[in-house]
Structures are given as C-alpha cells and as structure tokens.
Amino acid sequence: MTVLQAAAQAPAGPAVPTRIGEPNAVAMVFFFAFIAITLGITYWAARRTRTTEDFYAAARSITPGQNGFALAGDYMSAASFLGIAGLVSTTGFDGLIYSTGWLVGWPVVLFLIAEPLRNLGKYTFADVVAARLRQTPVRIAAALGTLATVTLYLIAQMVGAGGLIRLMFGLSYETAIVIVGAAMLAYVLFGGMIATTWVQIVKAGLLLGGAAVLALLVLARFGMNPVALFAAAADRYGAGVLAPGKLVAAPLDAVSLGMALMFGTAGLPHILMRFYTVPDARAARTSVFYATGLIGAFYLMTFVLGFGAMVLVGPDAIKAVDKGGNMAAPLLAEVLGGTPFLGFIAAVAFATILAVVAGLTLSGAAALSHDLWVNVVRHGEADSREQLRVARVATVALGVVAVVLGILFKGQNVAYMVSLAFAIAASGNFPALVLSILWRRCTTEGIVSSMVVGTVTTLVLIWLSPTIQVDLLKNTSAWFPLKNPALVTIPLSFAVGVLVSLATRDDLAVERFAAAERRMHVGEA
Amino acid sequence: MSEHRFRSLAETRWRIAISLTAVMVAIYFGFILLIAYDKPLMGRLLTRGLSVGVLLGALVIVLSWVLTWVYVRWANTHYDAGLAELRRGEAAR
C-alpha cells in the first residue's frame with residue numbers, strides 16, 4: 001500500500017548510483033512489447049466478443065488453470081509487489097504481516113462464496129444477492145457497494161501508476177495516467193472479459209516469473225538457503241528485524257486490518273466476477289485452489305525479496321531513492337542484473353497496474369449496465385445489443401472518470417484507499433452475500449440495510465479515523481480510534497442485516513429459498 | 001428420498017465449509033494476536049536467522065493453501081459424487 005504514498009511524492013535525489021528515474025531503453029522496449037502483445041490479444045478477443053455473455057463472462061470458456069492465473073493477476077497489484085518488498089526491506093518482520101494478511105482471504109472465498117456465486121449468478125455478485133429478493137432495491141444497494149469499492153481502488157491504482165511511471169521511466173504524471181487509461185479502455189471496450197482475462201494471465205505470468213528470477217538470484221548468493229539470508233540481515237541490522245516492531249503497536253488496529261483483508265477479498269467485485277468466466281462450480285472451486293497457490297508462492301517470495309533488498313541494497317539506500325521504500329525490488333534488480341533487469345522489473349510493475357485497472361473497470365461497468373440499467377431501469381427487458389451498447393458506454397464513462405480522478409488526486413496520499421476499498425467490500429458486500437446465501441429468513445429490507453449501513457458507516461468512520469484526521473488533515477486527535485473500521489463495521493453490518501430481517505417479513509424470499517438453495521448446490525438443471 | 005439426500009448433502013457441505021473457515025480464522029487471528037500480545041515469543045530465535053515469527057508467518061501462508069487443498073479434495077470426490085447421484089435420480093424420475 002505504501003507504494004501509493006511514494007508515488008505521490010517527487011523522487012528524491014538518489015544518494016546511491018542508480019538509474020531509476022532516468023529513461024530506461026530496456027524498460028521502454030519491454031513495456032511497449034507488453035502493450036503490443038496485449039493489444040494483439042484484444043484484437044483477437046474483439047472478434048469473439050459478440051454477446052453480453054462474451055463481454056462480461058468470456059463465454060464461460062476459461063479453464064480452471066487459466067482462471068487461477070487470472071485471479072492471481074487481478075489480485076496481485078503493484079502495491080503488493082513493490083509495497084511489501086519495500087516494507088520488509090526497511091522494517092523486516094513487520095512487512096511480512098502484510099504478506100500473510102493479503103493471502104488469508106482466499107480460503108474464505110473458496111469455502112463460502114465461489115461455488116454458490118457461480119451457480120446462482122450471471123455476471124455480478126448482485127445477481128446472487130438478488131436471486132430471491134426484490135430486484136430494484138437490492139441491485140441499487142449492491143451497485144453502490146460495487147462502485148464505492150471500485151472507485152477507491154481505481155484512484156489508488158491510477159495515482160500509483162502515475163507516480164511509478166514518473167519514478168521509473170521519467171515520463172510526466174499526466175502522460176502516464178492517460179497511457180494507462182487509453183490502454184485499459186482498449187482492452188475492456190473491444191475485448192471485454194476475454195481480453196481482460198488474457199491480459200491478467202500474461203501479467204500474472206510476468207510478475208510471478210520476474211519475482212521468481214529475482215528471488216533465485218538473491219538466494220544464489222546465500223547458498224540457496226533463505227535462513228542464511230535472514231541471518232545475514234540479523235547480523236547486519238540486529239535480531240530485531242526478525243521480530244514484530246512498531247507496525248502493530250496497537251493490537252486492535254492489527255486485528256481490524258486483519259478482518260478487512262480476510263473478509264474483504266470475498267467481497268471484491270472484480271474478483272467475484274471472475275467466477276462467472278469458468279464453465280461450472282467445480283471449475284470455480286479448482287481455480288481458487290490454483291490462485292491461492294500462485295498468490296501464496298508470490299507472497300513467500302516477498303520474504304526473500306524484502307530481506308534480499310535489506311542486505312544487498314540496504315535500508316538507507318532504499319529510502320534515499322524513495323521515502324516509502326517502494327523502489328526496493330527495482331533497486332534489488334539493478335544490483336543483481338544491472339540496468340536491463342531493472343528495466344524489465346519496471347515494465348512488469350507497470351503492466352501489473354494496467355491489468356488491475358482493466359479488471360476494476362470491467363466490474364464497475366457491469367454494475368452500472370447490468371445491475372442499474374438492465375435490471376433497475378429496464379426491468380430486465382433489454383436485448384443483447386442494447387446491453388452491450390450500455391456496457392460499452394459505461395466502460396468509457398468509467399475510463400474517463402478514472403483518468404480524471406487520477407489527475408485530480410495527483411500528489412495526494414491515497415495509500416489508505418486500498419484498505420478502505422477492502423473495508424467496504426468486507427462490510428458492505430460480504431455480509432449481504434453470506435446472509436442471502438445461507439439464511440432462509442433474511443428479507444429484502446434486511447439485506448439492503450446491511451449493505452447500505454456497511455458501506456456508509458465504513459466511509460464515515462474512515463473519515464473520522466486517525467488515517468484521515470491525523471495523517472492527512474494534521475489534526476491532533478481523531479474521534480474514532482481505529483485506522484481501519486472493519487472491526488466495528490463488519491459485525492455492525494451483520495447485526496443490521498439480522499435485526500432488520502427479523503423485524504420485517506418477506507414471504508416471497510422465504511418461498512423461493514428452497515429452489516435457490518437447490519440451484520446453489522446442483523447448478524442449472 | 002431425493003429431498004432427504006439433497007438436504008444431507010447440502011448440510012454436510014456447509015458444515016465442512018464453515019468448519020474450515022473457522023480453522024482459517026483461528027490460524028490467522030492466532031498469528032495476529034501473538035504478534036500483538038506476545039512480541040518476545042515471536043522474536044525468539046529457533047536457530048540463527050530463523051525466528052518463531054518468520055516461521056509462523058510462512059506457515060500461515062502454507063496452511064492457507066493446504067486448507068484449500070483439503071476442501072477441493074473433499075468436494076471433488078465426495079460432494080461431486082453426491083451431486084452426480086442427485087442429478088441421476090432426478091433424470092430417472
């Protein structure tokens with residue numbers, strides 16, 4: 001997450017000999033090769049994108065292995081690659097807390113959400129929540145949760161992209177934002193989910209491959225033994241780097257952030273949407289197993305990358321290039337493989353952001369067109385042509401909004417926005433999904449209140465938290481003590497959903513439960 | 001008969017899914033609470049270069065994946081077989 005913090009700041013004058021921030025020919029070549037390959041994929045995908053099923057769900061033709069890579073691609077943002085490596089290289093063990101936290105949501109996605117979602121829905125998670133409830137209010141509330149999550153996540157990625165590219169390629173911030181916006185629009189607009197999925201797969205392969213090569217080069221210097229690497233770090237910077245430090249000074253903050261990460265993953269609209277791209281529930285299930293393995297392997301590699309940068313580059317040299325520590329992985333690449341490897345890693349980081357932005361935009365467009373336009377405005381009475389046209393208009397609108405917000409938030413510290421997006425997903429989307437899937441007695445009123453209260457209280461409490469009041473507005477104290485509100489908002493959202501359901505009646509929802517429950521397990525007849 | 005079979009299959013699936021979720025929650029929050037309330041333990045060195053905290057952190061990641069493997073293995077064999085049987089029963093009627 002701190003990648004975004006750094007991105008917002010001007011690059012400090014390097015105190016070590018590094019070519020970061022200078023136009024890098026290798027980075028340019030790799031980056032434009034990535035753009036060329038992905039646009040080629042988009043051209044191929046565009047000719048296969050004719051129906052809404054193609055556009056939103058890649059004709060349900062993605063295999064579990066492919067979807068495993070695509071899920072990993074959607075999830076592993078530049079923040080986790082650069083941010084965690086940076087955090088470990090400057091703080092040691094504290095950074096590893098993030099490495100574990102970002103993974104533990106995936107088993108929850110598998111156990112509770114993936115299969116029912118695939119069997120009950122079509123394109124968005126609102127399909128599942130609305131399966132036996134009244135369409136209009138549920139769709140509007142779910143679209144609110146989706147758009148809030150997607151917008152915050154998008155801002156964080158765009159601002160991060162602008163800053164990173166300036167730091168790595170020497171391009172201007174605005175140019176970078178416009179390049180990201182244009183490439184992403186091309187993927188989504190013409191190639192829909194087919195192109196977006198393959199962009200994710202290529203990016204996941206590049207990111208995992210790049211991180212693996214980097215990790216192996218580090219380990220080669222320590223007899224292929226990670227423990228020898230950790231020992232070298234402890235020898236040089238004290239045994240404290242292998243123990244918890246200042247990051248978790250307040251225990252409740254750690255628990256609250258942990259809850260947001262664990263349950264937020266299961267409420268991220270762009271992740272959930274991926275389960276519709278596979279043929280059936282069994283494929284959805286298997287794809288999470290692959291994704292968890294890939295993402296887990298990646299986070300284990302961050303242990304090696306982080307401590308490798310600490311020992312081989314040094315925390316002071318890393319902070320001299322960028323205060324947030326985000327250039328640790330690129331600097332490590334430069335030490336180990338010279339300017340060409342630095343260029344490759346820089347291009348991978350940029351490709352990473354581009355792919356995540358495309359996935360986010362597609363899920364936001366699905367909420368606008370499928371949930372709001374088709375199901376609320378047109379009551380499900382829109383033909384395929386109209387649905388596709390609206391989906392594309394929504395994509396362009398979101399693309400423009402992303403570019404404008406990216407430019408508006410230039411220079412702002414937006415690091416908190418990713419954890420805020422997770423908190424909204426965990427409090428606004430996740431409880432409603434779980435209640436509607438598992439609880440016969442839940443009512444339209446209960447679910448809608450749960451979603452609205454979850455989303456709105458998260459936004460309000462973040463505003464009142466030290467993250468905004470102290471860190472951003474420089475007030476001396478904040479009304480709400482926790483940096484992340486999930487500890488309060490997740491139980492609150494569940495409680496509201498249960499209490500309002502008990503206070504209201506929804507005979508139709510109860511009546512439809514048996515059929516929905518059967519479909520959730522057995523699938524379409 | 002079919003309704004009874006479906007009921008027991010659905011209940012087994014949720015029992016396993018919720019138990020595994022509880023195990024995951026226990027593992028992760030156990031880790032977080034140890035970090036929060038027992039920092040000296042997490043910093044203790046098992047051998048030169050390997051602290052309890054670093055080992056447990058890696059274990060949390062590995063165990064998460066093992067749990068998904070346990071579930072997928074159960075579902076691919078028992079749950080899917082039960083579903084196939086249900087579908088056959090429905091087709092026969």
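# A tour from loop to core to interface

Start by selecting A:M224, which is exposed because just 11 other C-beta atoms lie within 10 Å, and a residue counts as exposed at 12 or fewer. You are looking at a predicted model, so treat each stop as a feature of that prediction. A:M224 sits in the loop between helix 10 and helix 11 of chain A. Check its backbone while you are there: phi is near 55°, a positive value in a residue other than glycine. For context, most residues other than glycine have a negative phi.

**A second loop stop**

Now jump to A:K474, in the loop between helix 20 (466-469) and helix 21 of chain A. Its phi is positive too, at about 60°, although A:K474 is not a glycine. Is A:K474 buried or exposed? It counts as exposed, because it has 7 C-beta neighbours inside 10 Å.

**Along to a helix pair**

Keep helix 21 (residues 486-503) of chain A on screen and add helix 19 (residues 444-464) of chain A; their axes come within 8 Å and cross at roughly 155°. The two helices are therefore roughly antiparallel to each other, since angles over 145 degrees fall in that class. To see where they touch, colour the contact residues: from helix 19 they include A:G446, A:S450, A:V453, A:G454 and A:T457, and from helix 21 they include A:T489, A:L492, A:S493, A:V496 and A:G497. As you rotate the pair, note that helix 19 passes helix 21 in a right-handed crossing.

**A covered helix**

Next, select residues 64-75 of chain A, which form helix 4. This helix has twelve residues and reaches 16 Å from its first C-alpha to its last, close to the 16 Å expected at 1.5 Å a residue. How many of the residues of helix 4 are buried? Ten of the twelve are, so the helix is mostly covered. Among the buried ones are A:N67, A:F69, A:L71 and A:Y75. Show the surroundings and you will find what these buried residues pack against: helix 10 (173-220), helix 13 (269-272), helix 14 (281-312) and helix 16 (328-377) of chain A.

**Into the core**

Which residues have the most contacts inside the largest nonpolar core? They are A:V129, A:L305, A:A329, A:L332 and A:V357, in a core of 227 residues. Helix 16 of chain A gives the most to this core, with 32 residues. Centre the view on A:V357 and, leaving aside its neighbours within four places in sequence, pick out its contacts: A:L154, A:Q157, A:M158, A:V180, A:M184 and A:A402.

Stay with helix 16 for A:A346, which lies in that helix. A:A346 counts as buried because it has 27 C-beta neighbours inside 10 Å. With neighbours within four places again set aside, A:A346 is in contact with A:N24, A:A27, A:M168, A:F169 and A:P330. If you like a distance label, draw one to A:L189: the two residues are 157 apart in sequence and 26 Å apart in space, C-alpha to C-alpha.

**Last stop: chain B**

Finally, bring chain B into view, where 43 residues of chain A are in contact with 42 residues of chain B. Helix 6 (93-101), helix 7 (105-120), helix 11 (226-237), helix 12 (251-264), helix 14 and helix 22 (507-522) of chain A each supply at least two residues of the side that touches chain B. Which helix of chain A gives the most to that side? Select helix 14, which provides eleven residues.

Notes: Residues are numbered from 1 along each chain as its sequence is written. Chains are lettered from A and ligands numbered from 1 in the order in which they are written. This is a predicted model: local features need pLDDT of at least 70, side-chain atom pairs count only at pLDDT 80 or more; totals for chains, interfaces and linings use all residues. Helices (H or I, at least four residues) and strands (E, at least two) are DSSP runs, numbered from the N terminus. The expected span of a helix is 1.5 Å times one less than its number of residues. A residue is buried if 20 or more other C-beta atoms lie within 10 Å of its own, exposed if 12 or fewer, and partly exposed in between; C-beta atoms are placed from the backbone. Two residues are in contact if their C-beta atoms, placed from the backbone, lie within 7 Å. A nonpolar core is a set of buried Ala, Val, Leu, Ile, Met, Phe, Trp, Tyr and Cys residues joined through C-beta atoms within 7 Å. Axes are lines fitted to C-alpha atoms, for helices over the stretch in contact, and angles run from 0 to 180 degrees between N-to-C directions. Angles under 35 degrees count as roughly parallel, over 145 as roughly antiparallel, 65 to 115 as roughly perpendicular and the rest as oblique. A crossing is left-handed if the near helix is turned anticlockwise from the far one by less than a right angle, and right-handed if clockwise.
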